Amino acid sequence: MRDVLIELVDGAELDADRAGEVFGRVMDGQADPLHVASLLTVLSTRGPAVGEIVGLTRVMRQRVRPVTVPDGLTVIDTCGMGGTHSRLFNVSTATAIVAAAAGRPRGLAVCKHGNRSVTSVSGSSQAIEVLGVNVEADDATLTRCLDAAGLCFCHAPMFHAAMKHAAPIRQALGIRTIFNIVGPLTNPAGARRQLIGVPSVAMGELVADAVRELGDERVMLVHCRLSDGRPLGELTTFGDNTVHELHHGSISSGALDFDHLGLPLGIPSAATVESPEASAGLIERVLDGEHGPARDVVLLNAAAALRVGGVAEELAEGLAMAREALDDGTAKRTLATLVQLSRGTA
């Protein structure tokens, strides 16, 4: 590991194979913790390269606890990278529920991957727990959830046992590392179609190149910048949205104009919360039919998720599907089914 550190300090970048070898030793507990801390710090300071992201992603995908997807279902994920210190409610969680409700009749399911809060006031795992979902469900239950509800939730620490060697080092460092980038790319159900919120446009560009090299099928990396310059790792109706989309091996990039989809400009304060309980409460109100900026943001992201999943060709079509799933109560029933199945009461 020392020779690798010397190379990195001298400005070298690791290709995917070399990075996989290095991080394989880290994940298997074969590296000196001091060297691991140095490795993570160096990569965080200069920013990881595409090959380094690809190598670590392959290593983590090889070691993840797998979730079995029922035959005939295409699985997607809506996990974001965080890093924006946002006080938005858990948009990706609400998006997963609505996309599953609209997508399941069309052969689409969502394996929602998430964790507790690191930089936001509410992590996906915390909000989904408040909503009543058991985040410690066993493998067979998760598969049943995908089949019946079109949705399951995977609390990340339970699926990445190999992280036990790196986790204390990450915690001691207290900084964002390459693991924050790679975590969302290691879905337990093997999803190769994803909607991923990123903390910057530059990160979207970087990860788009990485998922193309990984051979993923369709990925949308989304970012929003508010008029005051604050970043958000979601599509929103509050500012300027930028999308990097991988499809058929090609990457396209550009702005997304929500007003062309008939969604009005929203006010961020109408979708901000101070706790997991408040986030869950806002999600429930959206599922109950409340209109406003929070609903519009969910509709926009669900439309993107349905496009990624291949059941909607255009965002406008996905938006109509998502709106119907909310308006006819399917989304609310999807959450209720997930709660019951995850707790063994259905």
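In this predicted model, helix H1 (residues 2–9) tucks three of its side chains away: Val4, Leu5 and Leu8 are buried. Looking down the axis of H1, these buried residues fall within an arc of 100°, so they line one face of the helix. That fits the usual geometry: an α-helix has 3.6 residues a turn, so residues three or four places apart point the same way. As for partners, the buried residues of H1 pack against three helices, namely H2 (16–27), H3 (33–46) and H4 (50–63). After H1 comes Gly11, a glycine with a positive phi, near 105°.

Towards higher residue numbers sits helix H14, which covers residues 330–342. H14 has 13 residues, and the distance from its first C-alpha to its last is 18 Å, close to the 18 Å expected at 1.5 Å a residue. Its buried residues are Ala331, Thr334, Leu335, Leu338, Val339, Leu341 and Ser342. The cover over them comes from several elements, including helices H5 (91–103), H7 (139–149), H11 (276–287) and H13 (315–327), along with strand S3 (151–155). Just past the end of H14, Gly344 has a positive phi of about 70°.

Thr334 gives a residue-level view of how H14 is packed. This threonine belongs to H14 and counts as buried because its relative accessible area is 7%, under the 20% cut-off. Setting aside neighbours within four places in sequence, Thr334 is in contact with Ile97, Ala100, Ala101, Ala149 and Leu151. These contacts can be matched to the cover already described: H5 spans 91–103, H7 spans 139–149 and S3 spans 151–155.

Now for the cysteines. The structure holds zero disulfides, and two cysteines show how that comes about. The sulfur of Cys111 has its closest cysteine sulfur in Cys154, at 3.5 Å; this is too far for a bond, because a disulfide calls for sulfur atoms within 2.5 Å. Cys111 is also buried, with a relative accessible area of 0%. For Cys224, the closest cysteine sulfur is that of Cys79, 19 Å away, so this pair is likewise too far apart for a bond. Cys224 is buried too, again with a relative accessible area of 0%.

Terms used
Residues are numbered from 1 along each chain as its sequence is written. This is a predicted model: local features need pLDDT of at least 70, side-chain atom pairs count only at pLDDT 80 or more; totals for chains, interfaces and linings use all residues. Side-chain values use heavy atoms; hydrogens and water are left out. Buried means under 20% relative accessible area, exposed over 50%, partly exposed in between (1.4 Å probe, protein chains only). Helices (H or I, at least four residues) and strands (E, at least two) are DSSP runs, numbered from the N terminus. The expected span of a helix is 1.5 Å times one less than its number of residues. Contact means heavy atoms within 4.5 Å. The arc is that of the directions from the helix axis to the C-beta atoms.
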